[in-house]
Amino acid sequence: MSAPVRVINHPFVQHKLTLMRQGQTSTAKFRRLIKEVGILLAYEVTRDLPLKYETIETPIAPMVAPMLASEKKMVIVSIMRAGQGLLDGILELMPSARVGHIGLYRDPTTLVPIEYYLKLPQGLEQRDILVVDPMLATGNSAVAAVDRIKEFDPLSIKFLCLLAAPEGVEYFQQQHPDVPIYTAAIDHKLDEHGYIVPGMGDVGDRLYGTK
Ligand code: URA
């Protein structure tokens, strides 16, 4: 059985997602929104982070209080280049997280992902990994990224996106049934170019104003 797909349907996330989908949203606004959504999604994805308890002094009295046990143990791996927008938001919430990058581009005719860059922190075998890419479209890039990360035998892997296509979810779950998917929405389908419909267009282009 596959790990669950978690759709994060918080009203703030859904509202911001709608603004991002609108074609007339400017690059500056799109960039701000993806960062804000990144913060909100990171909040949900990290719900199960372990806590440790430490004795502290408030101005009134000592107490045993919860703190994150292992923020530094988490590694965010951004699939370049669109992953950067979500990454910026996630790092607002988790400034001590370690960051890896994987560069994959889609061959425009075959849609097969080709790796052109890989830089990951040391010691992944002792770390929990969050792989981020705004669009789970065909699933090819996400599957290739997780294939590569699994070579380093990390403690756990989660995959976070903004939008998913049913085709991408199905393929990802076939290939990596142990990796849970977190997304803000599952759209209708893919078009013949591998874009999500209705989607929000090319996130890299919208984020960097390259079109
Ligand atoms: N990548 C994008 O940026 N948009 C899509 O719709 C699919 C993949």
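A residue counts as near the ligand when one of its heavy atoms lies within 4 Å of it, and that cut-off defines the first selection of this tour through a predicted model.

**The ligand and its shell**

Select the ligand and then the residues that surround it, namely R106, M135, A137, G194, Y195, I196, G201, D202 and V203. If you colour this shell by residue class, you will find 5 nonpolar, 2 polar and 2 charged residues. With the ligand hidden, a pocket calculation on the protein shows what the ligand had filled, for the space that it takes is the largest pocket.

Next, keep the ligand in view and display the backbone atoms of I196, G201 and V203, each of which has a polar atom beside it. At I196, a polar backbone atom is 2.8 Å from an oxygen atom of the ligand, while at G201 a backbone N or O atom lies 2.8 Å from a nitrogen atom of the ligand. V203 offers a backbone N or O atom as well, placed 2.8 Å from an oxygen atom of the ligand. Taken alone the ligand exposes 240 Å², and the protein buries 88% of that area.

**Two cis peptide bonds**

From I196, step along the chain to the bond between V197 and P198, which is a cis peptide bond with omega about 0°. P198 itself lies in the loop that runs between β14, residues 196-197, and α6.

The other cis bond to select joins M80 and R81, where omega is again about 0°. R81 is found in the loop between β4, which spans 74-80, and α3.

**Along helix α3, and after α6**

Continue from that loop into helix α3, residues 83-93, and select G85, which has its place there. Is G85 buried or exposed? Its relative accessibility is 4%, and G85 therefore counts as buried, given that buried means under 20% relative accessible area. A distance label drawn from G85 to G23 will read 18 Å between the C-alpha atoms, for a pair that is 62 residues apart in sequence.

Now move to G209, in the segment that follows α6 (203-208). With a relative accessible area of 42%, G209 is partly exposed. Add A28 to the selection: G209 and A28 are 181 residues apart along the chain, yet their C-alpha atoms are separated by 8.9 Å.

**Helix α4, the loop beyond, and strand β9**

Select helix α4, residues 140-150, and centre the view on A144, whose place is in this helix. A144 is partly exposed, at a relative accessible area of 21%, and its C-alpha atom is 11 Å from that of V131, a residue 13 positions away in sequence.

Leaving α4 towards β9, stop in the loop between them, where D153 is found. What is unusual enough to check here is the backbone: phi of D153 is near 55°, a positive value in a residue other than glycine. D153 is also exposed, because its relative accessible area of 57% lies over the 50% cut-off.

The last stop is K158 in strand β9, residues 156-160. Is this lysine, K158, buried or exposed? At 11% relative accessibility, K158 counts as buried. Show its side chain together with the backbone of V45, and you will see a polar side-chain atom of K158 placed 2.8 Å from the backbone oxygen of V45.

Methods. Residues are numbered from 1 along each chain as its sequence is written. This is a predicted model: local features need pLDDT of at least 70, side-chain atom pairs count only at pLDDT 80 or more; totals for chains, interfaces and linings use all residues. Side-chain values use heavy atoms; hydrogens and water are left out. A polar contact is a pair of N or O atoms within 3.5 Å; within protein, one must be able to donate a hydrogen and the other to accept it, and residues adjacent in sequence count only if both atoms are side-chain atoms. Accessible areas come from the Shrake-Rupley method with a 1.4 Å probe; for residues, only the protein chains shown count as cover. On a 1 Å grid over the protein atoms alone, a cavity is a set of points where a 1.4 Å probe fits but cannot get out, and a pocket is an open set with protein on both sides within 12 Å along at least five of seven lines; lining residues have an atom within 4 Å of a point. A molecule sits in a cavity or pocket if more than half of its atoms lie within 2 Å of its grid points. Ala, Val, Leu, Ile, Met, Phe, Trp, Tyr, Cys and Pro count as nonpolar, Asp, Glu, Lys and Arg as charged, and the others, Gly among them, as polar. Helices (H or I, at least four residues) and strands (E, at least two) are DSSP runs, numbered from the N terminus. Buried means under 20% relative accessible area, exposed over 50%, partly exposed in between (1.4 Å probe, protein chains only).
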